[in-house]
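Got the viewer open? Let's walk through this one stop by stop, picking something new to select each time.

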Amino acid sequence: MLIIPVKDGENIDRALKRYKRKFDRTKTMKTLRNRKQFNKPSVEKRAQMIKAKYVQRIRTTEEQG
């Protein structure tokens, strides 16, 4: 459970923004979406490898200019 202390005279929009930021950092929605369906470990590993190759390709192109 997230607790956001609201200070006296603080704008409710600002407190709501702090709540949303804290909620995103806990990755609650991401874990819920991942648990919605079962992915085989081999499929997850393959997805990680594809993402790693993509990121590596981007970094090498940035280094080269």
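Start by selecting Lys-22, which sits in helix H1. Helices here are DSSP runs of H or I with at least four residues, strands are runs of E with at least two, and both are numbered from the N terminus. Lys-22 is partly exposed, at a relative accessible area of 37%; buried means under 20%, exposed over 50%, and partly exposed in between, using a 1.4 Å probe and protein chains only. Before moving on, note that this is a predicted model, where local features need pLDDT of at least 70, side-chain atom pairs count only at pLDDT 80 or more, and totals for chains, interfaces and linings use all residues. Residues are numbered from 1 along each chain as its sequence is written, and side-chain values use heavy atoms, with hydrogens and water left out.

Now add Ile-58 to your selection. Its C-alpha atom is 30 Å from that of Lys-22, and the two residues are 36 apart along the chain.

Next, select residues 12-26 to see the whole of H1. Its 15 residues should span 21 Å at 1.5 Å a residue, and the end C-alpha atoms are indeed 21 Å apart. The expected span is 1.5 Å times one less than the number of residues.

Go to the start of H1 and pick Asn-11: one of its side-chain oxygens comes to within 3.3 Å of the backbone nitrogen of Asp-13. That pair is a polar contact, meaning N or O atoms within 3.5 Å, one able to donate a hydrogen and the other to accept it; residues adjacent in sequence count only if both atoms are side-chain atoms.

At the other end, what does phi do at Lys-27, just after H1? It turns positive, at about 60°. Most residues other than glycine have a negative phi. Lys-27 belongs to the loop between H1 and helix H2 (28-35).

Carry on to H3, residues 41-64. The 24 residues of H3 should span 34 Å, and the end C-alpha atoms are 35 Å apart, which agrees. H3 is hardly covered, with zero buried residues. Just after H3, Gly-65 has a positive phi of about 120°.

Finally, zoom out. The chain has three helices and zero strands. Its radius of gyration is 19 Å, well over the 11 Å from the globule rule for 65 residues, so the chain is more spread out than a compact globule. That radius is taken over C-alpha atoms, and the rule is 2.2 Å times the number of residues to the power 0.38. The C-alpha trace spans about 50 × 40 × 10 Å along its principal axes.
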